[in-house]
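Hi,

Here's the structure I said I'd pass along. Have a look first, and my notes follow underneath.

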Amino acid sequence: MKTNQTLPQINTDYMTDFLARLLDTPSPTGFARQAMELVEQEIAKYPEVKVEWTKKGSLLLTLPAENSSGAAPTRALTAHVDTLGAMVRQIKPTGRLELTEVGGFAWGSIEGENCLVHTRHNGTVRGSLLPREASVHVYSSVRDGKRDSQSMEVRLDERVTNVDDVRDLGIEVGDFVSFDARVEVLNGFVKSRHLDDKACVAAIVAAIKALHESNLTPAKDTCFLISNYEEVGHGGSSDFPEGLEELVALDMAAIGDGQASDEYHATICVKDAGGPYHHELSNKLRDLAAAYDIKIVVDTYLHYSSDAKAYWRAGGDAAVALIGPGVDSSHHYERTHIDALVDTTNWTLAYLLND
Ligand SMILES: [Zn+2]
């Protein structure tokens, strides 16, 4: 494959700094506005990018090619800013909160985590997620008891003992709850909840910055959908321009027994729970990685779908593919390595700069 450009330099400190800020901004699906505004503010530093808010609350970024036709872009990338989280289902007579989950996670993965309840008028109340029977000194059920929405609850850091006490804090059924991300960057690793998929949003922002600073433009007019409903399955089902020909979703790669992916590389997923991705587009991305000497992994995922599949399910007819960094312990306390983030960003740049 003949390539058009050498890749511009990525500022990795910038990427991890922005990623940490994004991770620390709560955005459970349905409540992603603040995180989306953080992306908007960051992208405002690159005035060549046109920014549009969609009716659904996602951000559509458009980066024109040098010889832009001015028509709607035929090429798109997407990454999602929404994360796992929860909603208040019931205020219990004890003053504790029953939750209903937003997105697919195992309740054991949030045991002991601190959280914020986001009240309807922009307040926050601090708390922790615990089994109702938590004390090992009192309950024999703690060690083996099932963790689910019935057995776990929020203990608020307020002196509350009944429903009215909780209501007086402004908390009501339907309030969003976000779990602390617990971001840590060390030895090249980034640990945090919700690297899925903020890592890829940071990769897109870092790629845009790298192009900006090198005075480069994409080979074709390109749009980036920063979506906000991926974790519940329909982030990519709308908001792309008409006439799209190619859509590349950037989302994390799953790691575990039988998976080829690891934390140090970017992966292309060629099949997930929704079936195979577009073979020719996947091959094009694999050829691009080889041409730029980016060592990538090819993998398939079992219990996984992406916004590219949401786009197909909604009737979209463009070719779609899925790439992203390997993320250990996905939908739990996740971890990736800067090498995987850099490779994902370079791969994205390689795609942007070539026809
Ligand atoms: Zn994801």
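Let me start with the second largest cavity, which holds about 40 Å³ of space. Keep in mind that this is a predicted model. The residues lining that cavity are Thr78, Ala79, His80, Asp197, Glu230, Ala249, Leu250, Asp251, Ser306 and Asp307. Two elements give two or more residues each to this lining, strand 3 (75-80) and strand 13 (246-250). Strand 3 has the largest share, with three residues. By type, the lining splits into three nonpolar, three polar and four charged residues.

A search of the whole structure turns up two cavities of 30 Å³ or more. The largest has about 50 Å³ of space. Around it you'll find Leu84, Phe105, Ser109, Ile110, Phe179, Arg193, His194, His331, His332 and Glu334. That lining is made up of four nonpolar, four polar and two charged residues.

Now for a sheet. Three strands make an open, antiparallel sheet in the order 10-11-19. Strand 10 (184-186) and strand 19 (334-337) are at the edges with a single partner strand each, so each has one side without a neighbour in the sheet. On average, neighbouring strands here are turned by 15° against each other, ignoring direction.

Strand 10 is joined to strand 11 (residues 189-192) by three bridges, and the two run antiparallel. If you want to spot one pair, Glu184 has Lys191 in strand 11 as its bridge partner. Helix 4 (residues 195-213) packs on this sheet and touches strand 11 and strand 19, with its direction at about 30° to that of strand 19.

Cheers

Conventions: Residues numbered from 1 in each chain as written. Predicted model: local features only at pLDDT ≥ 70, side-chain atom pairs only at ≥ 80, totals over all residues. Heavy atoms only, no water. Pairing = 2+ DSSP bridges. Helix = DSSP H or I, 4+ residues; strand = E, 2+ residues; numbered from the N terminus. Axes fitted to C-alpha atoms, helices over the stretch in contact; angles between N-to-C directions. Contact = heavy atoms within 4.5 Å. 1 Å grid on protein atoms, 1.4 Å probe; cavity = no way out; pocket = protein on both sides within 12 Å on 5 of 7 lines; lining within 4 Å. Points joined across faces, edges and corners; volume = space filled by probe spheres on them. Nonpolar A, V, L, I, M, F, W, Y, C, P; charged D, E, K, R; others polar.
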